[in-house]
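Welcome, and thanks for taking a look at this one. Below is a short briefing on strands and charged pairs, to be read alongside the model.

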Amino acid sequence: MTATAHPAPAGLPAATAWPAAMTAAWAAGRALTPAPVQAGLPAADGRVLAEPLVTQTDLPAFPTSSVDGWAVRGPGPWRITGQILAGSQAAPLTADGECAEIATGAMVPTGTTAIVRVEHATVGADGRVSGEPRERPEWRLPGEEAHAGEELFPAGTPVTPGLLGLAASCGYESLAVRPAPRAAVLIFGDELLSSGLPGDGRVRDALGPQLPGWLSRLGATVDRPVTEPGVDTLAAHVEAISEAFAAGADLVCTTGGTMHGPVDHLHPALAELGAEYIIGAVRVRPGFPMLLARVPLPGGGSGLLAGLPGNPQSAVVALVSLVAPALAGWAGRGDPAHQPAPRVRLGAPVPGRGGDTHLALVHRDPADGLAYPLPHAGSAMLRGLARAAGFAVIAPETSAAAGDEVPLLPLPLLPGEVG
């Protein structure tokens with residue numbers, strides 16, 4: 001099958017192949033990567049490391065007991081000389097035949113030759129301890145987990161609760177992270193209702209309620225809730241975009257108007273704002289009429305504007321194709337187009353889309369582990385999207401059969417969410 005031709009309107013770049021579009025979006029975000037900020041450990045959760053996480057001391061910093069028991073020196077029985085609790089500094093065992101009661105996590109005293117577990121020891125009538133230590137030492141040595149100066153995670157690593165705990169154990173009070181980009185969502189369409197039942201030619205706005213959640217999962221902060229859809233006029237587009245950037249948005253996501261019909265005002269608005277196209281359209285189905293532009297700001301610098309199609313599923317395709325890589329670049333993470341992608345085995349065939357990449361909604365069947373294309377996956381539909389794990393990626397000029405293994409572009413999820 002020959003490649004599908006997508007002529008670009010005058011003054012716009014030609015449609016970009018899907019992988020190249022992801023890389024261009026990532027590079028645009030990378031160019032705007034902000035300077036690092038210091039964030040206290042709890043506040044750093046969900047951000048991205050701007051500097052490598054390096055141990056400031058050996059882990060553990062001193063020998064620590066792995067069990068409750070007795071730290072002993074030399075052969076037994078042993079005379080009790082003291083007690084060592086976690087958090088206290090241990091006095092040394094100075095002579096053979098001495099021992100000290102020791103708690104799990106407590107510092108092992110100098111001179112210890114073994115630790116006898118409490119369940120393997122007895123205290124005689126004479127007050128001496130007898131027992132047999134295990135052959136393997138029952139304590140952790142300094143540096144067993146990491147040595148001082150060792151890099152644990154590189155810059156660009158997402159900060160998780162587990163990483164925060166590790167940073168705390170290394171002695172960190174705060175971490176250098178990338179600040180979250182501020183995003184604004186602008187919904188346009190005279191046909192859209194913000195409440196009530198659809199009818200009489202008007203439909204409910206399905207993007208305003210969902211886009212802030214997707215953006216949050218991608219690491220952005222959405223400052224202003226979406227209220228009423230904007231009207232389909234050029235003046236309304238220019239005003240809303242200008243106000244969003246003036247209010248501090250780093251990224252503006254608009255919906256609709258990405259084609260060139262009589263009420264598609266996004267391209268004229270970008271021209272009036274002096275925007276520079278990074279991507280004018282993408283050779284992907286669904287979602288072809290998406291765009292990414294660089295908009296100059298009155299005080300200097302620029303912000304990014306992602307034009308998402310008005311059809312809901314196409315808008316989400318644009319989100320994962322352009323917005324997700326742009327935010328990855330902003331945060332200092334690697335280019336998603338060049339990262340190893342998860343792969344799924346298909347349980348049913350998925351057709352190709354000629355010269356375009358096909359992003360086909362799939363769900364994973366827990367019974368057989370296979371990925372199946374979803375029904376109700378039209379560009380304007382949401383029923384399939386609500387059940388999806390992500391998009392099976394079908395390369396241009398190919399199709400996929402049942403049993404084929406293909407890349408999966410996951411939907412952005414919060415920890416604990418299941419696609």
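A residue counts as buried when its relative accessible area is under 20%, as exposed when it is over 50%, and as partly exposed in between. With a relative accessible area of 46%, R134 is therefore partly exposed. Please keep in mind that this is a predicted model. The points below start with the sheet and then turn to the salt bridges.

**The sheet**

- Six strands form an open sheet with mixed pairing, in the order β8-β5-β7-β6-β10-β9.
- Its edge strands are β8 and β9 (121–123), each of which pairs on one side only.
- From one strand to the next, the twist averages 40°.

**Strand β8 and its partner**

- Strand β8 covers residues 114–117, and its side chains split two ways: A114 and V116 point one way, while I115 and R117 point the other way.
- All of these residues in β8 are buried, whichever way they point.
- Strand β5 (residues 69–72) pairs with β8 in the antiparallel sense, over four bridges.
- If you would like a residue pair to locate by eye, W70 has V116 in β8 as its bridge partner.

**Strands β6 and β7**

- Strand β6 (residues 78–84) and strand β7 (residues 98–102) run parallel and are joined by five bridges.
- Across this pairing, I80 stands opposite C99 in β7.
- A salt bridge also connects the side chains of R79 and E98, at 3.2 Å from N to O.
- That pair links distant parts of the chain, since R79 sits in strand β6 and E98 in strand β7, 19 residues apart.
- The two partners differ in accessibility: R79 is partly exposed at 41%, whereas E98 is buried at 9%.

**Other salt bridges**

- In total, the structure holds 11 salt bridges.
- Side chains of opposite charge can pair when their charged atoms come close.
- One of the salt bridges joins E138 and R134, whose closest N and O atoms are 3.9 Å apart.
- Here E138 is buried, with a relative accessibility of 8%, while R134 is partly exposed at 46%.
- These two residues also belong to a network of salt bridges that links R117, E119, R134 and E138.
- R117 brings the network back to the sheet, as this residue lies in strand β8 and is buried there.
- Another salt bridge is formed by the side chains of E145 and R140, at 3.4 Å from N to O.
- In that pair, R140 is partly exposed, with 29% relative accessibility.

Key:
Residues are numbered from 1 along each chain as its sequence is written. This is a predicted model: local features need pLDDT of at least 70, side-chain atom pairs count only at pLDDT 80 or more; totals for chains, interfaces and linings use all residues. Side-chain values use heavy atoms; hydrogens and water are left out. Buried means under 20% relative accessible area, exposed over 50%, partly exposed in between (1.4 Å probe, protein chains only). Two strands pair if DSSP finds at least two bridges between them. Axes are lines fitted to C-alpha atoms, for helices over the stretch in contact, and angles run from 0 to 180 degrees between N-to-C directions. A salt bridge is a side-chain nitrogen of Lys or Arg within 4 Å of a carboxyl oxygen of Asp or Glu.
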